[in-house]
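This report is written for a reader new to the structure. It goes through a few local features and then the chain as a whole.

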Amino acid sequence: MSFPEYPEKPSISILKPHELLEIFALLDFDHLKLCRQVCLYWNELIRETPRLNDRFCYRLELNSGTVVAKNQLPFSFILSTKFKVEEFTLLDDFLEVGKSIVVVEANREKLNNLSEILNEMNFTETVSNLVIYAKDDEIRTNTLLFEFLLQFKNIKTLSFSFPAFAHIFERISAYPALTSVKKVVIFHETFRRVISTDFQRLLKLLPNTEKIEIFPSDSMLLDKNIISEYAYLIKIIAGLEYYTIKDIMDIPDLKLEKVGYCDVEFGDSLRVIRFLQEHPDIKSANLALDCSGPIFDRTYDMITHLNLTIDGFDDDADEEGDDDNDEPEYMFKVLKYTPNLENLIIKCEKSEDHNFGHKIVELKKLENVEISNLSLECLDCCSSMLMSCVNVKMLTLGPCNMHLQLSHIRVIAFNLKNLEYLAVYHEDVDELENHLEEWPSMPKLEQLILNKVGNVSKIGIENLKSSCPRINTLRLYSMRGPNMPELIQTICECFPNIINITLRGGRLTKICNLNEIFVQRKGWRLKSLDVSPNLDHNDILQLFKQCDLLESVSCLYGALIVNRRIYYEVDVLKSYTLSDIVQPLKNRKRLHLEADDSSDSETSDSEESSNDDISDFSVDENDIVLM
């Protein structure tokens, strides 16, 4: 007996790993979670891909818009998904500003409520990376913050603002040591000088510290004794200036792994070269160079960030035909000796035409490029630059004196197949107006920012969908025409997974019934909406109800900003109305649920100096205090 032969059906197992990853990248979180349960191979593939696995390792960040309640985002989302939170960040605007007792007690109550939620959700056991931003002059509030962070038992990395907690280190014996901390990241953005005694007290609190990273606003604010005494711990110094290199070159046991920023001035090149040669442990360096002549004589693999400033060369040298002083030749030599660049910033200070040249340098690791005032008008120069960095994922084109044309965008699309972020801030982009319908294919593009886009039609957005189907952030500036409501609806229909929308310009002064666009379906991923016309206040509140992930709505060119916390206070607590926020500061008091004379006196000067004109008024979320 013979059985009929059926044609073999294609199996999904024939897909290669990179093809599977392309598919996984298009899925939302719920479907990606199901894919992890299909088989061990898919689970491992997703876990070993950082961009996908990051969706499952939740990073919790709280700011002024956060509502501290279990039934509100982001806590309700974490409860429903049972995510393991490993990184926890408190931004400096999470707590209220003010030194009065009422403000301090309000902050104490807020931190207590947060502690209850974190303990119930087991955050204090799972968080390994804690980041605390604090106001430097808020001593009582900062003491509450410091006592709050002591409840985290398994912190491996602690990041904080050093001056904010300096007063606590003076009585450090009153607090238990944090023995789990291995790495300390210090933010130092004020002009308070950090002395060696402060570091000694810090290490008593964190006795098992193995690595220290310092990010000062000015490296001269660091006591020289700190660098010499704790050289064995300091691995990263950001903001390292040339005169500091001179001071620390001869310090023994200094094992820097990263130089965050080094401004190399004329005549200091040899010192920097010697510094890099004598510190082989440096894995990453961010250098700022000017085109004053050749600087590199060999390959420097450790330079991963380069900020190249072009000031122009001596005209006499150009007449003599010195190739070393030719700008394209100089850039070629610098890039040739830095093959491991990951971030490149090129700025031209003068208004003269500067170009990249026609030579190609292979920079395979380069992912982020920012260019300002560099002429790309020559398509050959443009192609040479793009062919030198074919793996770039982020491209920013700043102000330039050239006319950017659609042909340049086509060259970008042709060469940069992996481009995910494109920002064009050119002032002279007349050629791009009304040309979105001719936009070239960029299949991996996720964020698009354009200046002076002119009239944007429905056909243009629909073509953008076919050219760039993965867009989740769309920011269009200097628009014209009154069709913004229709445009918003078209964007939402074409890009259902849109996260951020910014539309600035046009003659329309107000949009009504905007929430009707989002009534059609549930599951919107929209996080921020920024439009220039005014929005009806009831529409704003309805938007927050319809879009669970919505974090902020802005209108009137930023004059009215409503975040989720303000929505919660207005719609749930009935503390005030959105009309109170729109009023100029001079016509209203700070919003308290109970009176506080001391806080009123602190803000009276700023309130009286405010402008009545709503177009010049910017809402400060710190003016809204919830008790």
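## A salt bridge within helix H6

In this predicted model, Arg 108 has a relative accessibility of 34% and counts as partly exposed, because that class runs between under 20% for buried and over 50% for exposed. Its partner is Glu 105: the two residues form a salt bridge in which the closest N and O atoms are 3.4 Å apart. Glu 105 is partly exposed as well, with a relative accessible area of 39%.

Both residues belong to helix H6, which covers residues 101-120. Glu 105 and Arg 108 are three residues apart, about one turn of the helix.

## Salt bridges at helix H21

Asp 571 and Lys 545 form a salt bridge, with 3.7 Å between the closest N and O atoms. Asp 571 lies in helix H21 (residues 564-571) and Lys 545 in helix H20 (residues 537-546), so this pair ties together parts that are 26 residues apart in sequence. Lys 545 counts as partly exposed, at 41% relative accessibility.

Helix H21 also holds both members of another pair, Glu 569 and Arg 565, which are four residues apart, about one turn of the helix. The closest N and O atoms of this salt bridge are 3.1 Å apart. Are these two residues buried or exposed? Glu 569 counts as buried, at 1% relative accessibility, and Arg 565 counts as buried at 6%. The two are linked with Glu 96 in a network of salt bridges. The count of salt bridges comes to 10.

## A nonpolar surface patch

Ile 360, Met 387 and Val 390 form a nonpolar patch on the surface. Together these residues have about 240 Å² of accessible area.

Ile 360 is found in the loop between strand E12 (343-348) and strand E13 (368-372). With a relative accessible area of 42%, Ile 360 is partly exposed; residues must be over 30% to be part of a patch, so Ile 360 meets that cut-off.

## Arg 59 in strand E1

Strand E1 spans residues 57-62 and includes Arg 59. The relative accessibility of Arg 59 is 46%, so this residue counts as partly exposed. Arg 59 and Phe 83 are 24 residues apart along the chain, and their C-alpha atoms are separated by 9.6 Å.

## Cavities

How many cavities of 30 Å³ or more does the structure hold? There are six of them. The largest cavity contains about 100 Å³ of space.

The lining of the largest cavity is made up of 14 residues. Among them, Asp 92, Leu 95, Tyr 133, Ala 134 and Leu 145 lie nearest its centre. Helix H8 (residues 139-149) gives the most to this lining, with three residues.

## The protein as a whole

The protein has 627 residues, and buried residues make up 52% of them. Its secondary structure consists of 23 helices and 24 strands. About 29,900 Å² of the protein is exposed, and carbon and sulfur atoms supply 48% of that area.

Of the contacts with a separation of 6 or more, 70% are between residues 24 or more positions apart.

Key: Residues are numbered from 1 along each chain as its sequence is written. This is a predicted model: local features need pLDDT of at least 70, side-chain atom pairs count only at pLDDT 80 or more; totals for chains, interfaces and linings use all residues. Side-chain values use heavy atoms; hydrogens and water are left out. Patches are made of residues with over 30% relative accessible area and no salt bridge: like charges are joined within 9 Å, nonpolar side chains (Val, Leu, Ile, Met, Phe, Trp, Tyr) within 5 Å. Accessible areas come from the Shrake-Rupley method with a 1.4 Å probe; for residues, only the protein chains shown count as cover. A salt bridge is a side-chain nitrogen of Lys or Arg within 4 Å of a carboxyl oxygen of Asp or Glu. Helices (H or I, at least four residues) and strands (E, at least two) are DSSP runs, numbered from the N terminus. Buried means under 20% relative accessible area, exposed over 50%, partly exposed in between (1.4 Å probe, protein chains only). Contact means heavy atoms within 4.5 Å. On a 1 Å grid over the protein atoms alone, a cavity is a set of points where a 1.4 Å probe fits but cannot get out, and a pocket is an open set with protein on both sides within 12 Å along at least five of seven lines; lining residues have an atom within 4 Å of a point. Grid points are joined across faces, edges and corners, and a volume is the space filled by probe spheres set on the points.
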